[in-house]
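Reader: I would like a close look at one part of this model, the largest pocket and what lines it. Please then add what can be said about the cysteines and about any unusual backbone angles in the loops.

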Amino acid sequence: MEKENKGKSRICISLEPKLLDLCDANIARFNVKSRSDLISLALECLFATKDSEMTANIISPALQSVIQASVRNTENHISRYLYKQAVEIAMLYNIVAYANNITEAQLNNVRSMCEKEVKNLSGKYSLEEAVRFQNGGE
C-alpha cells in the first residue's frame, strides 16, 4: 500500500452518498483502480476545463483583435485598388467619348449590350472577350 501511494498525500474528504455511488459505478468505466484515482482524474479534468475556459477568454479577444486588424487592412487595400481602377476607367471613358462623339442613344444601346454580355460571362469580362464580341465572334 505504501508503494501505491508514493508521491501522494492522504487526506480525508466528505462526499454525499450519491457521489460515492457514482464513483463506485464509474471506476471500471474510467479504467482506474480506486475512488481516489477517479477523484484525482475528475479534479484534473475540472482544472483542465477551467484553464481552457480562462485561456479562451484571453485568446478570444486577442484573436478577435487580430482578425479585425486584418479585415481593416484588407478593406484599405481593396479601397485603394478600387480608387485606382475608377481613375483608369474614368480616363478611358473620357478618351472614348472624345474620340467617338457618341450619342445618348448609342451609349444606352452599348450599355444594354454590355450588361447582357457581362451577365452571360458571370462578370468575368476581359479585353479578349470584347475583341471577340466586336468582331462578331459572340
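Author: What follows takes the pocket first, then the cysteines, and then two loop residues.

The model is a predicted one, and the values given here are computed from it. Its largest pocket has a volume of about 860 Å³. The lining is made up of 21 residues, and those closest to the centre of the pocket are Tyr93, Val96, Leu107, Val110 and Cys114. Three elements, α2, α3 and α4, each give two or more residues to this lining, and among them α3 gives the most, with eight residues. In chemical character, the lining of the largest pocket divides into 14 nonpolar residues, three polar ones and four charged ones.

Cys114, one of the residues closest to the centre of that pocket, leads on to the question of how the cysteines are paired. The structure holds zero disulfides. Cys12 is accordingly in no disulfide, and the nearest cysteine sulfur, which belongs to Cys23, is 14 Å away. Cys12 is also exposed, with a relative accessible area of 74%. For Cys45, the closest cysteine sulfur is again that of Cys23, at 13 Å. Because a disulfide is counted here when two cysteine sulfur atoms lie within 2.5 Å, the distance of 13 Å from Cys45 to Cys23 is too far for a bond. Cys45 is partly exposed, its relative accessible area being 44%.

The backbone angles that deserve attention belong to two residues in loops. Most residues other than glycine have a negative phi, and it is against this background that the next two residues are worth inspecting. Asn31, which is not a glycine, has a positive phi near 55 degrees. Its place is in the loop between α1, which covers 17-26, and α2, which covers 35-100. With a relative accessibility of 71%, Asn31 counts as exposed. Ser122 likewise has a positive phi, of about 55 degrees, although it is not a glycine. The place of Ser122 is in the loop between α3, at 104-120, and α4, at 127-134, and both of these helices are among the elements that give two or more residues to the lining of the largest pocket. Ser122 is exposed, with a relative accessible area of 61%.

Key. Residues numbered from 1 in each chain as written. Predicted model: local features only at pLDDT ≥ 70, side-chain atom pairs only at ≥ 80, totals over all residues. Heavy atoms only, no water. Buried < 20%, exposed > 50% of the residue type's maximum accessible area, 1.4 Å probe, protein only. Helix = DSSP H or I, 4+ residues; strand = E, 2+ residues; numbered from the N terminus. 1 Å grid on protein atoms, 1.4 Å probe; cavity = no way out; pocket = protein on both sides within 12 Å on 5 of 7 lines; lining within 4 Å. Points joined across faces, edges and corners; volume = space filled by probe spheres on them. Nonpolar A, V, L, I, M, F, W, Y, C, P; charged D, E, K, R; others polar.
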